[in-house]
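Biologist: I am just starting out with protein models and would love a guided close look at one part of this one. Could you walk me through the annotated binding site and what lies around it?

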Amino acid sequence: MTAASQILDRVLVLEMVRVTEAAAISAAKLIGRGDEKAADAAAVEAMRAALNGLYMDGTVVIGEGERDEAPMLYIGEKVGSAIGKGPRIDIALDPLEGTTITAKAGPNALAVLAVAEEGNLLNAPDVYMDKIAVGPGYSPDIVNLDRSVTENVTAVAREKGVDPSEIIVCVLDRPRHEKLIAELRALGCGVMLIPDGDVAGVIATTNPETTVDIYMGTGGAPEGVLAAAALRCVGGQFKGRLLFRNDDERKRAHKWGIEDLDKIYDLEELAKGDCIFAATGVTDGSLLHGVKTLRDGRITTETIVMRASSGTVRRVKSEHGRANPIR
């Protein structure tokens with residue numbers, strides 16, 4: 001069992017819920033409006049305001065990008081009402097995971113946040129990451145990025161006691177995954193293609209109701225750290241390897257302290273120690289219901305919040321008043 005953090009005890013779990021709720025409610029006003037940037041900006045502004053109301057000395061280690069690219073919640077930005085005197089907290093966030101999903105009113109858009117003590121979340125650059133994940137209950141290292149797709153699927157199927165053709169694999173629907181999808185289908189696997197939102201895709205491996213056995217493919221490295229934080233709380237395995245397309249991306253990795261560019265990261269290397277993960281649904285999905293506005297103007301939200309030290313998973317359904325939705 002992961003040791004509980006006294007520092008995180010001071011950043012209450014419900015405060016994390018309020019932060020993701022604020023971002024989700026703001027983004028939800030732009031569901032189906034076709035404007036990805038406006039939806040993302042609304043979520044970022046609301047999440048930043050909520051974080052700045054918390055008594056902490058927070059540092060964004062996974063955010064909206066580097067300072068020159070992001071005016072708010074950039075990597076390295078300080079947030080909280082007690083900078084220089086409060087508990088030092090590292091924050092990984094994605095105020096709107098699924099900007100395109102939200103713009104098109106698709107499923108599984110989330111507002112996502114993970115917090116840990118200073119130094120316990122990998123400061124991953126905004127590059128691609130090759131990922132593979134499974135839920136709890138398997139032997140250690142049941143999957144590994146050094147093995148082929150077929151070897152990984154076969155290993156999971158063997159422990160599950162089924163034929164590889166009965167395995168369901170979740171993959172981002174991208175042209176770069178054409179060969180991966182072809183190999184999975186040659187094995188007879190079911191392939192669940194998702195348009196966006198690979199944090200939700202990784203978490204789906206932990207929920208039997210989704211029928212997803214494995215998550216595979218490349219996606220954002222920041223989302224990999226967020227997904228790892230979630231799995232630290234509920235169990236499962238995750239492997240990630242940063243992928244670099246050019247020298248500029250390699251230089252950015254060195255800037256954030258990453259020296260071994262070929263390293264395969266395990267779950268505990270991406271999110272160490274005690275951590276808290278929270279996600280609020282923006283649109284309806286397999287993990288959470290989205291934000292709803294009732295006839296009388298009240299707003300409903302559903303949030304999942306987890307903590308690694310206790311293994312506690314809470315689902316919080318909230319009703320918010322029309323005038324001041326987050327209190």
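## Around the binding site

Modeller: Let's start with one pair of side chains: those of Arg241 and Asp146 make a polar contact at 3.3 Å. Please keep in mind from here on that this is a predicted model. Arg241 sits in strand S9, which runs over residues 237-243. Besides Asp146, Arg241 touches Tyr128, Met129, Asp130, Leu145, Asp262, Lys263 and Ile264, leaving out residues up to four places away in sequence. Hold on to Tyr128 from that list, as we will meet this residue again.

Now to the part you asked about. An unreviewed UniProt entry gives the annotation "binding site" to Asp94, Glu97 and Glu223. These residues span 130 residues in sequence, but no two of their C-alpha atoms are more than 8.5 Å apart, so they gather at one spot. Asp94, Glu97 and Glu223 are also in the lining of the largest pocket.

The unreviewed entry also has a "binding site" listing with Glu97, Gly98, Thr99, Tyr128, Arg174, Pro175, Arg176, Asp196, Gly197, Asp198 and Gly220. Here is Tyr128 again, the residue that Arg241 touches. Of this second listing, the lining of the largest pocket includes Glu97, Gly98, Thr99, Tyr128, Arg174, Arg176, Asp196, Gly197, Asp198 and Gly220.

Pro175 makes a useful side stop. Pro175 lies in the loop between strand S6 (168-172) and helix H6 (178-186). Its relative accessible area is 72%, and because anything over 50% counts as exposed, Pro175 is exposed.

Let's zoom in on Glu97, which appears in both annotations. Glu97 belongs to strand S3, residues 88-97. Is Glu97 buried or exposed? Its relative accessibility is 2%, and the limit for buried is under 20%, so Glu97 counts as buried. Setting aside neighbours within four places in sequence, Glu97 is in contact with Asn108, Ala109, Leu110, Val112, Gly197, Asp198, Val199, Ala200 and Glu223. One of these partners deserves a second look: the side chain of Glu97 reaches the backbone nitrogen of Asp198 at 2.9 Å.

That brings us to Asp198 itself. Asp198 is in helix H7, residues 198-203. With a relative accessible area of 5%, Asp198 is buried. If we again skip neighbours within four places in sequence, its contacts are Glu97, Lys131, Leu172, Tyr215, Gly219, Gly220 and Glu223. Gly220 in that list is another residue of the second UniProt listing.

Glu223 ties the story together. Helix H8, residues 221-234, is where Glu223 lies. Not counting residues up to four places away in sequence, Glu223 touches Asp94, Glu97, Lys131, Asp198 and Val199. If you follow these contacts on your screen, you can go from strand S3 with Glu97 to helix H7 with Asp198 and on to helix H8 with Glu223.

Two loop residues are worth finding too. Most residues other than glycine have a negative phi. Thr211, in the loop between H7 and strand S8 (214-220), has a positive phi of about 65° although it is not a glycine. Ala105, in the loop between helix H4 (99-103) and strand S4 (110-117), also has a positive phi, near 60°. Ala105 is partly exposed at 46% relative accessibility, and Thr211 is partly exposed with a relative accessible area of 46%.

What about the cysteines? The structure holds zero disulfides. For Cys170, the nearest cysteine sulfur is that of Cys189, 13 Å away, which is too far for a bond. Cys170 is buried, with a relative accessible area of 1%, and Cys189 counts as buried at 7% relative accessibility.

Finally, let's step back to the whole chain. Its secondary structure comes to ten helices and 14 strands. Of the 327 residues, 57% count as buried. A compact globule with 327 residues would have a radius of gyration near 20 Å, and the chain has 19 Å, which agrees. Along its principal axes, the C-alpha trace spans about 55 × 50 × 40 Å. Among contacts between residues at least 6 apart in sequence, 69% join residues at least 24 apart. The annotated trio of Asp94, Glu97 and Glu223 gives you an example of residues spread along the sequence that gather at one spot.

Notes:
Residues numbered from 1 in each chain as written. Predicted model: local features only at pLDDT ≥ 70, side-chain atom pairs only at ≥ 80, totals over all residues. Heavy atoms only, no water. UniProt positions renumbered as here; feature names shortened; annotations may be inferred. 1 Å grid on protein atoms, 1.4 Å probe; cavity = no way out; pocket = protein on both sides within 12 Å on 5 of 7 lines; lining within 4 Å. Helix = DSSP H or I, 4+ residues; strand = E, 2+ residues; numbered from the N terminus. Buried < 20%, exposed > 50% of the residue type's maximum accessible area, 1.4 Å probe, protein only. Contact = heavy atoms within 4.5 Å. Polar contact = N/O pair within 3.5 Å; in protein donor to acceptor, adjacent residues only side chain to side chain. Disulfide = S-S within 2.5 Å. Rg over C-alpha atoms; globule rule 2.2 N^0.38 Å.
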